[in-house]
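Work through the following exercises with the structure open beside you. Try each task before reading its solution.

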Amino acid sequence: MLKDYVPPYNATVVQKLLDQGAVLMGKTNMDEFAMGSGSTDSAFGPVRNPWSYSASYTEQTGAAPDSDWVVSGGSSGGSAAAVASLTSYLALGSDTGGSTRNPAALCGIVALKPTYGLLSRHGLIPLVNSMDVPGILTRTARDAAIVLDILQGQDMRDSTTVPAPSSPTELPEDFDVKNICIGIPKEYHAPGLSDETLAQWSRVADMFERAGARVEQVSLPHTQYSIVCYHVLCQAEVASNMARFDGLEYGHRSKVDASTEAMYATTRHEGFNDVVRRRILCGNYFLLKQNYQNYFVKAQKVRRLITDDFKRVFSSGIDVLLTPSTLTDATRYHDFIQEDNRTRSAQEDVFTQPVNMAGLPAVSVPTALSRLGLPIGLQLIGPALQDKKLLSVAHWIEQRVGFPSIRDFEDSSERRNEIGVTKTKQTSAV
């Protein structure tokens, strides 16, 4: 739909980086219009996870990287791959339901989904206006904090932006976790959660406890409804947002000119892939007069209940929630494409999309490598506008888990034994 399209202006977040002297290397691959969770539904082909070519993966599995490669996650998989492969210092991506945290977890890097409104959405192609935020992908929490300082703040071109809170520019080197309370949501023990991810969840919770932090199990009772609620709202807003791509003003235009209606229909059929067309169709169904109350309005009410769950937990004294980022490590491409986009998205977004519906900040941090030599990540969730505190906790985790760089596995996989992956059984609030 947007092949060869050159935008007439920069997005605010891009312009802010350029103003600080950043070098824009290029645009990264992703699922078409950010609709996907594996970066496999792109007009340019799927994104390969850089860890597919690391010695940690090939030596553990005997896999041939060119045929047994694993997905990078999505929808911003190209951004995560660029950072994980050491190609770039940072990358941007859009995060609507986990589209930066999911690929970050699978590619072994850090991704910050900022508080809704802290970063300007001006210039970001909208998927779901009420949930979209520009996400920051870097190799460390400290790098993410540097980028956040540059990008945050009000923008006259985006009325949803809020003033940046006053906070130290640098993350503290010795963050004291004794004064914080970590919440472990019991509802995040989701079906399909791998033993290795659960072990890492327990391991990090135990680390907090041993360091003097309070670790408590909490309940977010409406989490079980969140994925269905998210998809109803997502598809309803997609139907509205994709209406602008009609072939008249910009983007692809069909050569069919029998009538205006025929040109509209053919343009959208030619320009959108099956996934996008399916979501538009579903969204319009939810917004039909006879369905509006039963689907869209009910989903908005459930969204409010999900938001209230988070508010209640944070008002009870919990400072940070610790959850998995994904159910498992990265899946092989040939296994991933056996299921349709809707099913895959429901599975992959289960831990990440509630945060977008509540407008809260979240960060994914890599913690270890799995038995297959692939990254496993955990997610931290905090109250609104506590992004820097969240990154401070993420930095604390980084200092203690000893997650290796992909560079360490160019010639050898020996270091994997140094990080204690699934060595002992854990007992904790998880």
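**Exercise 1. In which loop is the place of Ser75?**

Solution. The model is predicted: local features need pLDDT of at least 70, side-chain atom pairs count only at pLDDT 80 or more, and totals for chains, interfaces and linings use all residues. Residues are numbered from 1 along each chain as its sequence is written, and side-chain values use heavy atoms, with hydrogens and water left out.

Step 1. Helices (H or I, at least four residues) and strands (E, at least two) are DSSP runs, numbered from the N terminus.

Step 2. Ser75 sits in the loop between helix 2 (55–61) and helix 3 (77–84).

Step 3. The peptide bond that joins Gly74 and Ser75 is cis, with omega about 15 degrees. Most peptide bonds are trans, and most residues other than glycine have a negative phi.

**Exercise 2. Find where Phe33 and Leu86 lie, and state the sign of phi and the degree of burial for each.**

Solution. Step 1. Phe33 belongs to the loop between helix 1 (12–19) and helix 2. Leu86 belongs to the loop between helix 3 and strand 1 (90–95).

Step 2. Phe33 is not a glycine, yet its phi is positive, near 50 degrees. Leu86, also not a glycine, has a positive phi of about 70 degrees.

Step 3. Apply the cut-offs: buried means under 20% relative accessible area, exposed means over 50%, and partly exposed lies in between (1.4 Å probe, protein chains only). Phe33 has 13% relative accessibility, so Phe33 counts as buried. Leu86 has a relative accessible area of 26% and is therefore partly exposed.

**Exercise 3. Is Tyr57 buried or exposed?**

Solution. Step 1. Tyr57 is placed in helix 2.

Step 2. Its relative accessibility is 1%, so Tyr57 counts as buried.

Step 3. Tyr57 and Trp396 are 339 residues apart in sequence, and their C-alpha atoms are 27 Å apart in space.

**Exercise 4. Describe the pairing and burial of strand 8.**

Solution. Step 1. Two strands pair if DSSP finds at least two bridges between them. Strand 7 (residues 362–369) and strand 8 are antiparallel and share 7 bridges. Here Val363 stands opposite Leu380 in strand 8.

Step 2. Strands 7 and 8 form a hairpin with 5 residues between them, and Gly373 in the turn has a positive phi of about 80 degrees.

Step 3. Strand 6 (residues 320–324) also runs antiparallel to strand 8, joined by 4 bridges. Leu321 stands opposite Ile381 in strand 8.

Step 4. In strand 8 (residues 375–381), 7 of the 7 residues are buried, so the strand is largely enclosed by the rest of the structure. Both faces are covered: Pro375, Gly377, Gln379 and Ile381 are buried on one side, and Ile376, Leu378 and Leu380 on the other.

**Exercise 5. Give the other partner of strand 6 and its burial.**

Solution. Step 1. Strand 4 (residues 181–185) pairs with strand 6 in the parallel sense, over 2 bridges. The bridge partner of Gly183 in strand 6 is Leu321.

Step 2. 5 of the 5 residues of strand 6 are buried, so strand 6 is largely enclosed by the rest of the structure.

**Exercise 6. Describe the largest cavity and the second largest pocket.**

Solution. Step 1. On a 1 Å grid over the protein atoms alone, a cavity is a set of points where a 1.4 Å probe fits but cannot get out, and a pocket is an open set with protein on both sides within 12 Å along at least five of seven lines; lining residues have an atom within 4 Å of a point. Grid points are joined across faces, edges and corners, and a volume is the space filled by probe spheres set on the points.

Step 2. There are 2 cavities of 30 Å³ or more. The largest cavity holds about 70 Å³. Its lining has 13 residues, of which Ala34, Gly36, Ser99, Tyr230 and Asp349 lie nearest its centre.

Step 3. The second largest pocket has a volume of about 270 Å³. Of its 16 lining residues, Gly108, Arg139, Phe403, Pro404 and Ser405 lie nearest its centre. Strand 7 and helix 14 (387–401) each supply at least two residues of this lining.
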